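Biologist: I would like to go through this model with you. Could you put it on the screen?

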Amino acid sequence: MLHRKDARWISAHRQNWFESDSINLSPQTKREFEGYIDNFDIQSMARWKDQYASQRTNIAIYELIEAENADARAIAKAARAEDPALVKKLAQEDAPIEEINELLKASNLPIELSVHQDEQIMAAKSGSPAYSIAHLSDGERNALLIAANVLTAKPGSLILVDEPERHLHRSIISPLLTQLLHKRKDCAFVVSTHDVLLPLDNPGARTLLIRGCAYTGADVSGWDIDLVPSDADIDDALKADILGSRKKILFVEGVGTGRSLDQPLYSLVFPGISVIAKSSCRDVEHAVVGVRGAATLHWIRAFGIVDSDAKDEDEIDQLKQQGIYAVPAYSVEALYYHPEIQRRVAARHAAVIGADPQTQLTDAKNAALAAIKQHGDRMSEKVSEKAIRGEVIRQIPGKVEIKAGHPLSITIDIAAAVAAERDRLNAAHAAGDLQSLITRYPVRETPALFKIAECLGFQDREQYEAAVLKLLIDDAGALAFVRSLFSDLSAQIVV
């Protein structure tokens with residue numbers, strides 16, 4: 001009752017079929033039904049019955065088309081006012097239908113929606129001819145309804161999502177819901193789910209474990225609820241009941257480092273697997289080893305991806321034997337800024353803004369090389385430091401050596417090691433080998449990546465990196481390329 005006027009309820013027993021693919025409500029009729037629905041939803045019977053299921057789906061279609069029309073009207077108004085800057089700004093923002101298309105693609109649903117004459121919403125799959133959204137599968141319609149309801153909610157709404165996983169595999173609902181929560185930071189969410197891993201995909205959420213309820217007559221009078229800390233174990237019996245079969249989890253770095261680059265990228269590269277971010281490389285190792293070593297979690301298969309951070313081949317091989325793969329570069333940024341990815345992003349973006357992509361790529365490379373040159377000594381020293389520390393650790397005596405009691409002497413020519421690394425960096429720089437520089441050195445600690453984004457026509461790194469994710473959604477070739485950089489990890493995950 002407290003948030004009644006600001007709440008939007010997406011019911012578990014929602015109707016997931018459409019009686020029409022176009023608007024069949026007048027504005028007046030829509031307002032009347034919204035009033036009826038508002039009054040009905042506070043009744044106790046609303047927990048198990050919905051008298052307005054068809055009206056809810058009709059309203060969802062109405063609001064989606066209305067949001068699309070409002071977007072078009074805003075652009076038209078700016079154009080009539082002869083405000084080209086505003087027109088360009090509005091045009092760069094995704095229209096509601098396009099926003100849903102991106103959400104669906106990123107959630108492993110290859111569907112593309114479009115508005116046709118008479119305000120009909122049509123769908124196409126994998127390049128097929130357009131067909132009515134009424135012909136979508138149960139899961140596809142369910143995903144569309146959830147996305148439409150969330151995206152068209154007013155700012156400041158309390159959105160209640162009941163069992164979003166109904167008719168949907170978790171490889172779909174997990175990325176879909178995670179993206180919706182991110183896109184609607186202006187709203188508050190309460191999600192009721194039987195998918196015990198769904199809260200783990202959103203570590204910022206608080207989790208309530210509902211064990212049961214008490215009735216007084218036909219009404220619920222109390223609940224048996226526990227607040228589950230993010231690091232707490234959930235009862236094995238409950239896990240077995242809910243999960244039932246083997247699950248796959250990919251632990252990656254990213255928590256506590258600000259905006260995560262790892263999780264959204266790996267969710268696209270390795271679909272159908274839960275991607276969970278941890279704070280550090282060591283945390284990823286502990287998580288993978290811990291899950292693999294827990295026989296009671298027999299339904300979970302765990303893998304990990306960590307930054308290589310100048311690790312040597314022996315260390316990388318040891319991690320791989322534990323199911324942990326190293327990014328084929330110093331850090332994940334090297335995947336976003338790989339020359340091949342730059343080339344594909346530049347071609348797409350230049351086509352929109354009318355620029356020459358080859359000129360932009362040349363400028364980006366030159367600007368990045370100039371930025372790297374100013375930090376060459378520091379970066380080569382950092383890589384040398386990791387290599388030297390690793391060498392010292394490898395020479396630390398074990399039980400056998402200690403028992404033998406032989407003297408130990410560790411000698412490393414630090415100056416020579418640093419000089420050799422500096423020469424390597426300078427040689428790559430002189431050859432204009434930007435890929436080697438981004439792959440081997442902590443280039444993210446320099447202005448080089450910002451310079452690349454700027455020269456390719458983006459405002460900042462965040463905008464460029466978002467364009468990379470959109471590229472991977474739209475371009476199967478780009479996605480296959482990034483996936484190929486991880487050797488046999490993809491094949492291991494799908495087994």
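Modeller: Take the contacts first. What share of the contacts with a separation of 6 or more joins residues 24 or more positions apart?

Biologist: A contact means heavy atoms within 4.5 Å. I take those with a separation of 6 or more in the protein. Residues 24 or more positions apart account for 69%.

Modeller: Some ground rules. This is a predicted model: local features need pLDDT of at least 70, side-chain atom pairs count only at pLDDT 80 or more, and totals for chains, interfaces and linings use all residues. Residues are numbered from 1 along each chain as its sequence is written, and side-chain values use heavy atoms, leaving out hydrogens and water.

Biologist: What is the mean pLDDT of the protein?

Modeller: pLDDT is the predictor's confidence in each residue, from 0 to 100. Here 91% of the residues reach 70 or more. The mean is 82.

Biologist: Which helix has the lowest mean pLDDT among the elements?

Modeller: Helices (H or I, at least four residues) and strands (E, at least two) are DSSP runs, numbered from the N terminus. The protein has 21 helices and twelve strands. Helix α18 (residues 448–455) has the highest mean, 95. The lowest, 37, belongs to helix α7 (residues 236–243).

Biologist: Over which residues does pLDDT stay under 50?

Modeller: Where pLDDT is low, the predicted coordinates should not be read in detail. The stretch in question still has 21 contacts beyond four places in sequence in the model. It covers residues 234–246.

Biologist: What percentage of the residues is buried?

Modeller: Buried means under 20% relative accessible area, exposed over 50%, partly exposed in between (1.4 Å probe, protein chains only). The protein has 495 residues. Of these, the buried share is 42%.

Biologist: How many residues are in the largest nonpolar core?

Modeller: A nonpolar core is a set of buried Ala, Val, Leu, Ile, Met, Phe, Trp, Tyr and Cys residues joined through side-chain atoms within 4.5 Å. L250, L265 and Y266 are among those with the most contacts inside the largest one. Its size in residues is 58.

Biologist: Which helix gives the largest share of this core?

Modeller: That share is six residues. They come from helix α13 (residues 357–373).

Biologist: How many residues does the other core have?

Modeller: This core lies apart from the largest one. L103, A143, I172 and L180 are among its members. Its residue count is 34.

Biologist: Are helices α5 and α6 roughly parallel or roughly antiparallel?

Modeller: Axes are lines fitted to C-alpha atoms, for helices over the stretch in contact, and angles run from 0 to 180 degrees between N-to-C directions. The axes of α5 (residues 138–151) and α6 (residues 170–183) come within 10 Å and cross at roughly 10°. Angles under 35 degrees count as roughly parallel, over 145 as roughly antiparallel, 65 to 115 as roughly perpendicular and the rest as oblique. So α5 and α6 are roughly parallel.

Biologist: How many nonpolar residues are in the contact of α5 with α6?

Modeller: A143, I146, A147, V150 and L151 in α5 meet I173, L176, L180 and K183 in α6. Ala, Val, Leu, Ile, Met, Phe, Trp, Tyr, Cys and Pro count as nonpolar, Asp, Glu, Lys and Arg as charged, and the others, Gly among them, as polar. The contact has one charged residue and no polar ones. The nonpolar count is eight.

Biologist: How many of the eleven residues of helix α4 are buried?

Modeller: Helix α4 (residues 96–106) is mostly covered. P96, I97 and I100 are among its buried residues. The total is eight.

Biologist: Is A95 buried or exposed?

Modeller: A95 sits in the loop between α3 (84–92) and α4. It is in contact with E68 and D71, leaving aside neighbours within four places in sequence. Its relative accessibility is 16%, so A95 counts as buried.

Biologist: What is the phi of N108?

Modeller: N108 is in the loop between α4 and β2 (111–116). At 30% relative accessibility, N108 counts as partly exposed. Its phi is positive, in a residue other than glycine, and near 70°.

Biologist: What is the relative accessible area of S380?

Modeller: S380 lies in helix α14 (residues 376–394). S380 touches E421, R422, L425 and Y441, not counting residues up to four places away in sequence. S380 is buried, with a relative accessible area of 0%.
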